Amino acid sequence: MSHNFQFLTWEDVKNLDKEKTVILLPLGSIEQHGPQNPIGTDYLISSYIAEKSSEKNPMAYCLPPIPVGVSSHHRNFPGTLWFSPEVFRSIIKEIFLALKHHGFKKIIVVNGHGGNTASIMEVIGEFNDKHDFVSLLFEWWKDEKILEEVIGHSQVIHADEVETSVIWAVNEEYVKKEKFENLTSSPKWGRYIGDLFLSSRTDQFTESGIAGALNNISRENGLKILEECIKKLDRHIDLLSKY
Ligand SMILES: [Zn+2]
């Protein structure tokens, strides 16, 4: 039986063991990712990791991704789409409520976009507290150990060497390799006054849309990061299923 939720029948869903089944919800964004990466980068990475983990783990079923996220800070780059945080939280809540209606309570949100994190944590917190849920957040770029081992540092900003390597590893066709040579980037994220943060409107601090290091774009590193993240998610599906 497929572990993509959308390919199940209603009878398949009815027969799932709700106490042990873990539902994966991939989230991301449609936003600029520099001249070399597709605007769907964030949801393409998160849904890849979620799908691959659900193929490995018989207790997991992966929902189709919600591709649009909280990205208005990228809006002056063509193609960026966004939800307000309120609408984004409502969408996650409605999906959680529907899952609850069918008896599910073990959810892992697999997120690919930093701008979504605060909204997701608000909903997860509310459902764990008030709806008897056991839901968790998985974000691939937050694992310092994996990143240190593969690339020697753990700083991932935006459309940089790490994210470009990972989306390249998801699918070779997704990136424009001919753009790699002349990429420019902002060394850090955001605008500041003195040491104090002012704004994350990307067009105000990066012309290319990129922030972070660019010296070491490598599909091989991307493949290693993906492999480790898929293993880590698989391990957490097990832990949650038995919890
Ligand atoms: Zn991204």
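User: In this predicted model, where does Asn-171 lie?
Analyst: The structure discussed here is a predicted model. Asn-171 belongs to no helix name of its own here but is placed by its neighbours, helix H6 and strand S5 (191-193). Its location is the loop between H6 and S5.User: Is Asn-171 buried, partly exposed or exposed?
Analyst: The relative accessibility of Asn-171 is 25%. Buried requires under 20% and exposed over 50%. Asn-171 therefore counts as partly exposed.

User: What distance separates the C-alpha atoms of Asn-171 and Ile-45?
Analyst: Along the chain, Asn-171 and Ile-45 are 126 residues apart. In space, their C-alpha atoms are separated by 9.6 Å.

User: How are helices H2 and H6 oriented to each other?
Analyst: Two packed helices are described by the angle between their axes and the distance between the axes. For H2 (residues 41-56) and H6 (residues 161-170), the axes are 10 Å apart and the angle is about 60°. The crossing is left-handed. The two helices are therefore oblique.

User: Which residues of H6 meet H2, and how does the contact divide by residue type?
Analyst: From H2, the contact involves Thr-41, Asp-42, Leu-44, Ile-45 and Tyr-48. Their partners in H6 are Glu-163, Val-166, Ile-167 and Val-170. By type, the contact residues are 6 nonpolar, 1 polar and 2 charged.

User: What is the distance between the end C-alpha atoms of helix H7?
Analyst: Helix H7 (residues 219-242) has 24 residues, and at 1.5 Å a residue it should span 34 Å. The computed separation of its end C-alpha atoms agrees, at 35 Å.

Conventions
Residues numbered from 1 in each chain as written. Predicted model: local features only at pLDDT ≥ 70, side-chain atom pairs only at ≥ 80, totals over all residues. Heavy atoms only, no water. Axes fitted to C-alpha atoms, helices over the stretch in contact; angles between N-to-C directions. Helix = DSSP H or I, 4+ residues; strand = E, 2+ residues; numbered from the N terminus. Parallel < 35°, antiparallel > 145°, perpendicular 65-115°, else oblique. Left-handed = near helix turned anticlockwise from the far one by under 90°. Contact = heavy atoms within 4.5 Å. Nonpolar A, V, L, I, M, F, W, Y, C, P; charged D, E, K, R; others polar. Expected span 1.5 Å × (residues − 1). Buried < 20%, exposed > 50% of the residue type's maximum accessible area, 1.4 Å probe, protein only.
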